[in-house]
Amino acid sequence: MNDKTQDQDYYLMWKTRGPIRRLISPLEGLISDAAWGGVLLMISTIVALYLANSHWAEAYHEILSAPVDVGLGNSHLVLDVHHFINDALMAVFFFVVGLEIKREILVGELSSVREAVLPAVAALGGMLFPAAIFLLINLHSTAGQEGWGIPMATDIAFSLGILSLLGSRVPLSAKVFLTAFAIVDDIGASMVIAFFYTEDIIWPMVGLASLFFICLVLCNAFGVRRSAPYIFLSLALWFCFLKSGIHPTIAGILAALTIPARPRLQSDEFLISTRMLLDRIEARHEEETSVLKDKQSHAMISDVETASRLTQTPLKRFENALHLWITFFIMPVFALANAGIELNGNLGEKLSHPVTIGVIVGLLVGKQIGITLLAWGAVKMGLARLPRGVSWGMLYGLSWLGGIGFTMSLFITNLAYGRMSEHRDDAKLGILIASAIAGIGGCAIVWWCLPSEKTEENEQHDSTNLGQAPPELD
C-alpha cells in the first residue's frame, strides 16, 4: 500500500513539477479558453482590414489570387488561395459543424423534443426575421436581394468566446442554450447554402458523390472504426461536390453525419479488460522486471492503449483532432482572407447602402426580435421552459450575441455576391459593424443580468468547457 502511495506521489510530482509540464500547463490553459479563439478572430480581422487599405493591398490581393496546385499522382486540381480557403479549408470547418450537429441530436440539447423546442424555435425566429427585414430594406434592388441569407447566420465560436469573457458566473445552461440554438442556426444556414446558393448542377458528378456517400454510410453500418476509410471517402465526396456545382462545404456536413458515434468497446468491457491487464502489469512490476527487457509487459501496455482507443468513438476522435485546427488556424485564416474590405471612397455612401443597412438591421434587430419573441411564445404556450438560471433579460442578451454573424455570414456573402464586388464589400462592412455592436451589447446585457455571486450550479460545472471536445458517446 505504501509502495502504491509512493508511486502516486512520484506521478503527481512528475505531472505538476516537471520542467516540460511547467511549460505546457500555461499553453493548455490558453487553448482551453474559448475566448482566445474569438480574440484571434478579431486580430485576423483587424490585420485583413489593414492590409486591404494600406500600401500592402496589391500584394494582399495577389497572394489571395495565387494558384494552389493540389495533386495526387497524375491528377491535379488548381485553385487560387482564396478559393482553396473557402472551398477546401472551410469544408473541414463544416465537417466539424456536422459532428457537433450529430452530437447534439444524439446526446445534447437536441436529443429530445422537450429539450430541443426552445433552441429550435429561437433559432427559427433568428433566421426568419433577419431575412425578412433584409428583403424589406432591399425591396427595390433585385441584385441586393441575393444576400437575404447573410443576416440569418450566427457564429457559434465567436458568440461563445464573447460569453466566456464574463467568467464562471454565467450559468452553464446559458452556454448550452446559446450552443444549441447556434447549432440549429448552422443547420438552417447549411440548408440555405445547399438549396439557394448553388450554381448550375452537373448531375453525373452528383450521382458519383451519392455513391461515395453510400460507401460512407455502409462503412458505418458494417462497423468500420478506423479513420482512414472515412478520410479517403470524404475527400472523394468533397471533390465530386466541387465539380458538381453544389458548394463543396456541404460535403463536409454529409460526411460528418456518417461518422460512427458509438465505440466498438463498451465502458463495462473496457473496465473489465483493463483491470485484468493492469493487475498483470502490476504483478510483473512487483517482480522488478525491467520494462525495456520485458516483451510481455510491452504487449500488455499496448493492449491497454488499444482498449482505450476502441472505447473512444470515431466522432470524438475526429472532433479532438480537428478542434484546435479549426479554432486556431482555419477560422483565423478564413477571416484574414475574407474580412479585407477596401474602405476607400465615400464611407458614408457605403454605410447608407441598402445592402449594408439590411445586414446591420437584420443581424441586430432581426435576431433580437426573432429569438426573443418566438422563445417567449414557446414558453407562454407551454411548449418549452426557460433554462435553469436564465432570466428573460439574460435570454435577451443572448439574442444580441446571436447577432454575431461573422464567419457564416462572410461565407454566405461570398456565395451571394461572388461576382458583384460592390455589394460584397457593402455586406461585409455591415457584418463587421453588426457583429461588433452585437458582441459588445450582448456582453453588457448578459453581464447586467448575472447573479452577484456564483451559483451552486456553476460551482459544480467550473471544469466544464464548451470549447473543448464533448464527453464520450456511449
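Leaving aside its neighbours within four places in sequence, with which residues is histidine 82 in contact? In this predicted model, the residues in question are Leu64, Ala337, Asn338 and Asn414. Histidine 82 itself lies in helix α5, and because its relative accessibility is 17%, under the limit of 20%, it counts as buried.

The chain in which these contacts occur contains 20 helices and two strands. Of its 474 residues, 46% are buried. When contacts between residues at least 6 apart in sequence are considered, 80% of them join residues that are at least 24 apart.

The largest nonpolar core comprises 111 residues, and those with the most contacts inside it are Phe93, Phe94, Phe95, Leu163 and Phe406. Helix α5, which spans residues 81-107, provides the largest share of this core, with twelve residues. For phenylalanine 93, the contacts that remain once residues up to four places away in sequence are not counted are those with Ile326, Ile330, Met331, Thr407 and Met408.

Phenylalanine 406, another of the residues with the most contacts inside the core, lies in helix α18, which covers residues 406-416. Its relative accessibility is 3%, and phenylalanine 406 therefore counts as buried. The backbone of phenylalanine 406 has a positive phi of about 35°, although this residue is not a glycine. As a general background to that value, most residues other than glycine have a negative phi.

The burial of phenylalanine 406 is shared by much of its helix: ten of the eleven residues of α18 are buried, so this helix is largely enclosed by the rest of the structure. The buried residues of α18 are Phe406, Thr407, Met408, Ser409, Leu410, Phe411, Ile412, Thr413, Asn414 and Ala416. Among them, Asn414 is also in contact with histidine 82, whereas Thr407 and Met408 are touched by phenylalanine 93.

One partner of α18 is helix α14, formed by residues 314-338, and the axes of these two helices come within 11 Å and cross at roughly 45°. This angle makes α14 oblique to α18, and the crossing is left-handed. On the α14 side the contact involves Met331, Phe334, Ala335 and Asn338, which meet Phe406, Thr407, Leu410, Phe411 and Asn414 of α18. By class, the contact of α14 with α18 has six nonpolar and three polar residues, and no charged residues. Two of the participants recur in the surroundings of histidine 82, namely Asn338 and Asn414, while Met331 and Thr407 are included among the contacts of phenylalanine 93.

A second helix pair is formed by α7, residues 156-164, and α8, residues 172-196, whose axes come within 10 Å and cross at roughly 165°. Because of this angle, α7 is roughly antiparallel to α8, and the crossing of α7 and α8 is right-handed. Ile156, Ser159, Leu160 and Leu163 of α7 meet Ala174, Lys175, Leu178, Thr179, Ala182, Ile183 and Asp186 of α8. The residues of this contact divide into seven nonpolar, two polar and two charged. Leu163, included in the α7 side of the contact, is also one of the residues with the most contacts inside the largest nonpolar core.

Conventions. Residues are numbered from 1 along each chain as its sequence is written. This is a predicted model: local features need pLDDT of at least 70, side-chain atom pairs count only at pLDDT 80 or more; totals for chains, interfaces and linings use all residues. Side-chain values use heavy atoms; hydrogens and water are left out. Axes are lines fitted to C-alpha atoms, for helices over the stretch in contact, and angles run from 0 to 180 degrees between N-to-C directions. Helices (H or I, at least four residues) and strands (E, at least two) are DSSP runs, numbered from the N terminus. Angles under 35 degrees count as roughly parallel, over 145 as roughly antiparallel, 65 to 115 as roughly perpendicular and the rest as oblique. A crossing is left-handed if the near helix is turned anticlockwise from the far one by less than a right angle, and right-handed if clockwise. Contact means heavy atoms within 4.5 Å. Ala, Val, Leu, Ile, Met, Phe, Trp, Tyr, Cys and Pro count as nonpolar, Asp, Glu, Lys and Arg as charged, and the others, Gly among them, as polar. A nonpolar core is a set of buried Ala, Val, Leu, Ile, Met, Phe, Trp, Tyr and Cys residues joined through side-chain atoms within 4.5 Å. Buried means under 20% relative accessible area, exposed over 50%, partly exposed in between (1.4 Å probe, protein chains only).
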